[in-house]
Protein chains: 2
Amino acid sequence: MARIVQKFGGTSVADMDHIRNAALRTKAERDAGNEVVVVVSAMSGVTNRLVDYVNSIGSLHDASEYDTVVSSGEQISSGLMALTLQDMGVPARSWLSWQIPIETDATHGKARIRRIVADEIAKRLGEGEVVVVAGFQGVSPDNRITTLGRGGSDISAVALAAALEAERCDIYTDVDGVYTCDPRIIASARKLDKITYEEMLEMASLGSKVLQTRSVEMAMNHRVCLQVRSSFDESPGTLVVDEDEVVEKEVVSGVTYSRDEAKITLVKVPDRPGVAASIFGPLADANINVDMIVQNVSDDGASTDVTFTVVKDDLDRAKVVLEERRDELAYAELVPDPNVAKISVIGVGMRSHVGVAQQMFSTLAENGINIQVISTSEIKVSVLIEEKFTEQALCALHTAYDLDAA
Amino acid sequence: MARIVQKFGGTSVADMDHIRNAALRTKAERDAGNEVVVVVSAMSGVTNRLVDYVNSIGSLHDASEYDTVVSSGEQISSGLMALTLQDMGVPARSWLSWQIPIETDATHGKARIRRIVADEIAKRLGEGEVVVVAGFQGVSPDNRITTLGRGGSDISAVALAAALEAERCDIYTDVDGVYTCDPRIIASARKLDKITYEEMLEMASLGSKVLQTRSVEMAMNHRVCLQVRSSFDESPGTLVVDEDEVVEKEVVSGVTYSRDEAKITLVKVPDRPGVAASIFGPLADANINVDMIVQNVSDDGASTDVTFTVVKDDLDRAKVVLEERRDELAYAELVPDPNVAKISVIGVGMRSHVGVAQQMFSTLAENGINIQVISTSEIKVSVLIEEKFTEQALCALHTAYDLDAA
């Protein structure tokens with residue numbers, strides 16, 4: 001007997017047929033003698049519709065009301081899932097965040113979980129009841145509904161798995177695992193049987209949409225064994241585990257891309273100490289994350305060009321922040337460029353293999369693709385290129401690192 | 001300065017344009033110096049869609065999960081209303097039942113309000129904040145969401161008006177008042193300026209969809225002045241008030257119909273003391289309301305036919321309850337008939353006028369419409385007829401009682 005958390009994403013509970021299909025998976029785990037916690041997302045499309053309602057009112061909305069509105073999608077699917085399980089003869093009950101409670105801070109829209117009071121649900125599990133939890137939501141210290149941000153249901157699932165010391169957290173989604181590259185672009189992409197937390201973390205933050213960074217991070221910190229699998233077929237998915245559980249380490253496990261970033265270049269910034277702080281401090285204050293940064297010495301030696309990337313959605317705000325400080329920063333020109341893509345190769349094997357970065361650079365060069373910015377870590381190399389070369393770059397790199405399916 | 005409760009029904013908050021229109025009415029009351037509580041229903045269609053989801057799973061569902069699902073519609077509209085008011089510069093906050101709290105019993109699906117802890121919302125009103133309450137819902141003693149039954153948002157509004165000692169409770173809907181008959185069926189129906197609680201109570205329980213019985217009952221008990229009015233035009237609506245505030249009393253104020261009932265006949269029940277109790281006791285235990293009852297002596301003298309009506313939605317459950325007790329009740333046959341309509345004429349003037357019932361029976365007879373069951377009270381006469389004669393009966397009665405508009 002084991003304790004298992006199952007998380008069903010929006011496409012896995014898209015309509016009553018899908019909910020029934022998901023419930024059958026829950027029933028199967030329970031029939032096998034396991035204790036099962038089910039975490040559900042909103043039926044696909046529901047959250048977007050609710051967000052559209054809110055956005056139609058005005059872009060500067062009260063985030064606590066936003067949360068009240070958008071969290072209802074998970075409330076609906078949790079009740080429907082409980083009812084469907086009951087209809088199959090499986091004792092089940094829905095739990096909303098404030099009923100458990102799942103306590104968060106008051107950062108509406110992207111709240112962080114502080115504490116899960118798991119006593120009562122653990123008791124119910126022990127009694128054979130399936131615990132169905134509305135994902136994505138928590139309750140703030142002043143008793144209002146919070147949401148955990150996009151991908152929040154994954155976070156709910158991992159947090160519950162940690163709080164309940166579950167043996168495994170299965171993330172059911174519309175893909176059957178983690179691939180060496182996005183299979184919609186690279187037809188020869190291969191499904192990975194296992195991947196390390198570190199690699200998954202890089203993949204998530206570098207463009208793979210399968211899992212969100214925060215949920216992988218949380219899984220890694222609490223050593224929650226994650227499995228990404230499809231709710232539509234029975235094949236095993238991809239296990240996200242500790243590095244020592246991965247026997248055959250590949251040098252490169254995957255190639256990812258992200259079109260969500262935009263590039264900003266500040267031309268001819270005076271080259272003096274503290275200039276980086278005066279640029280990036282105000283951006284941080286405005287809650288704008290800066291990712292890749294390069295600083296080039298300019299021809300004249302007295303000034304420098306600073307290039308960096310921000311999330312595309314933040315581009316306009318970043319421009320406003322920097323233009324307001326034009327006198328202080330004394331740059332000659334601000335050049336925004338939304339037409340960029342970040343391409344990354346990821347693999348724990350890089351630690352023991354040299355030449356991975358070099359192979360990336362030469363492959364891109366052979367394809368006539370110019371590299372605009374480079375950023376590396378222990379287990380990944382990322383480059384910024386012109387957006388239109390995305391597919392070509394992915395294809396070439398996938399082949400170069402020998403990732404194509406046989 | 002007054003304290004006013006405004007309740008907006010589903011059609012009044014059907015989409016963002018309608019919510020904006022409703023919010024303008026709230027803003028106008030507040031700009032006039034009033035304290036305003038807004039109670040919202042779900043956007044029209046939303047609750048039905050959620051109910052359909054639940055019903056698609058199975059008809060014998062867990063009512064607490066049903067409530068979890070269907071209450072989300074009001075959660076959405078309360079958040080959207082608060083955001084819309086804020087966008088107009090009106091300070092506002094949404095309140096869910098468990099946040100106030102609005103405490104109910106645990107009768108899911110048609111819970112009764114036990115207590116409203118109004119201190120915090122009264123304080124907010126005093127500070128000039130509009131209090132937006134998700135209608136239709138409460139919270140049970142064991143911390144689960146309950147719903148108050150169809151028309152529950154009216155109950156929420158009246159209960160809040162009573163708890164907050166509001167001067168008036170305006171029920172905004174898609175009709176501009178209470179009519180002598182359903183104007184969709186009888187084009188010559190007239191709008192009433194005033195109507196007594198007692199008449200409104202009968203109308204509500206006898207098929208008028210404008211207000212629900214329980215909300216009128218509650219308004220009467222707490223002497224809450226109700227106004228039924230349209231959110232789409234500025235004309236005054238119908239005031240529901242004490243009898244002594246209505247100057248010109250009509251003999252008959254209105255003719256109503258209901259297609260929501262079904263008839264059950266138990267054929268040849270042994271005619272012995274206690275038989276009624278043995279039939280209706282188990283139905284009451286199963287929370288099935290029985291309305292009209294007749295008992296006919298059968299030909300053989302030793303047995304009797306018992307006919308009664310239940311809400312159409314309860315018909316299947318009622319059959320199950322009675323069939324389970326077939327041996328005990330010893331009836332020969334159970335004949336269900338969903339194809340019936342209840343037609344009623346209502347008026348406090350009946351107290352001082354004779355012949356109202358007689359005029360009803362003769363009018364129907366002249367139209368060749370057979371009366372199946374009769375039920376009367378001090379201020380109404382109801383008959384059960386074959387459903388297909390509904391319009392014909394209404395039309396004939398409306399004319400016979402001189403209710404047609406000039």
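Where in chain B does B:I100 lie? I looked this up before anything else. The model is predicted, and in it B:I100 sits in the loop between β3 (92-95) and β4 (102-104) of chain B.

**Entry on B:I100**

I asked next whether B:I100 is buried or exposed. I counted 21 other C-beta atoms within 10 Å of B:I100, and 20 or more count as buried, so B:I100 is buried. Leaving out residues up to four places away in sequence, I found that B:I100 touches B:W95, B:I116, B:V117 and B:I121. I also looked up B:D119, which is 19 residues from B:I100 along the chain. The C-alpha atoms of these two residues are separated by 8.8 Å.

**Entry on the contact between the chains**

I then turned to where chain A meets chain B. The contact takes 27 residues from chain A and 27 residues from chain B. On the side of chain A that touches chain B, I noted α2 (46-57), α3 (63-70) and α4, each supplying at least two residues. The largest share there comes from α4(A), with 11 residues. By type, that side of chain A divides into 11 nonpolar, 13 polar and three charged residues.

**Entry on the α4 pair**

How do the two α4 helices cross? I found that the axes of α4 (residues 72-87) of chain A and α4 (residues 72-87) of chain B come within 9 Å and cross at roughly 180 degrees. Angles over 145 degrees count as roughly antiparallel, so I recorded α4(A) as roughly antiparallel to α4(B). The contact is made by A:S72, A:Q75 and A:I76 on α4(A), and by B:S72, B:Q75 and B:I76 on α4(B). I sorted these residues into two nonpolar, four polar and no charged.

Key
Residues are numbered from 1 along each chain as its sequence is written. Chains are lettered from A and ligands numbered from 1 in the order in which they are written. This is a predicted model: local features need pLDDT of at least 70, side-chain atom pairs count only at pLDDT 80 or more; totals for chains, interfaces and linings use all residues. Axes are lines fitted to C-alpha atoms, for helices over the stretch in contact, and angles run from 0 to 180 degrees between N-to-C directions. Helices (H or I, at least four residues) and strands (E, at least two) are DSSP runs, numbered from the N terminus. Angles under 35 degrees count as roughly parallel, over 145 as roughly antiparallel, 65 to 115 as roughly perpendicular and the rest as oblique. Two residues are in contact if their C-beta atoms, placed from the backbone, lie within 7 Å. Ala, Val, Leu, Ile, Met, Phe, Trp, Tyr, Cys and Pro count as nonpolar, Asp, Glu, Lys and Arg as charged, and the others, Gly among them, as polar. A residue is buried if 20 or more other C-beta atoms lie within 10 Å of its own, exposed if 12 or fewer, and partly exposed in between; C-beta atoms are placed from the backbone.
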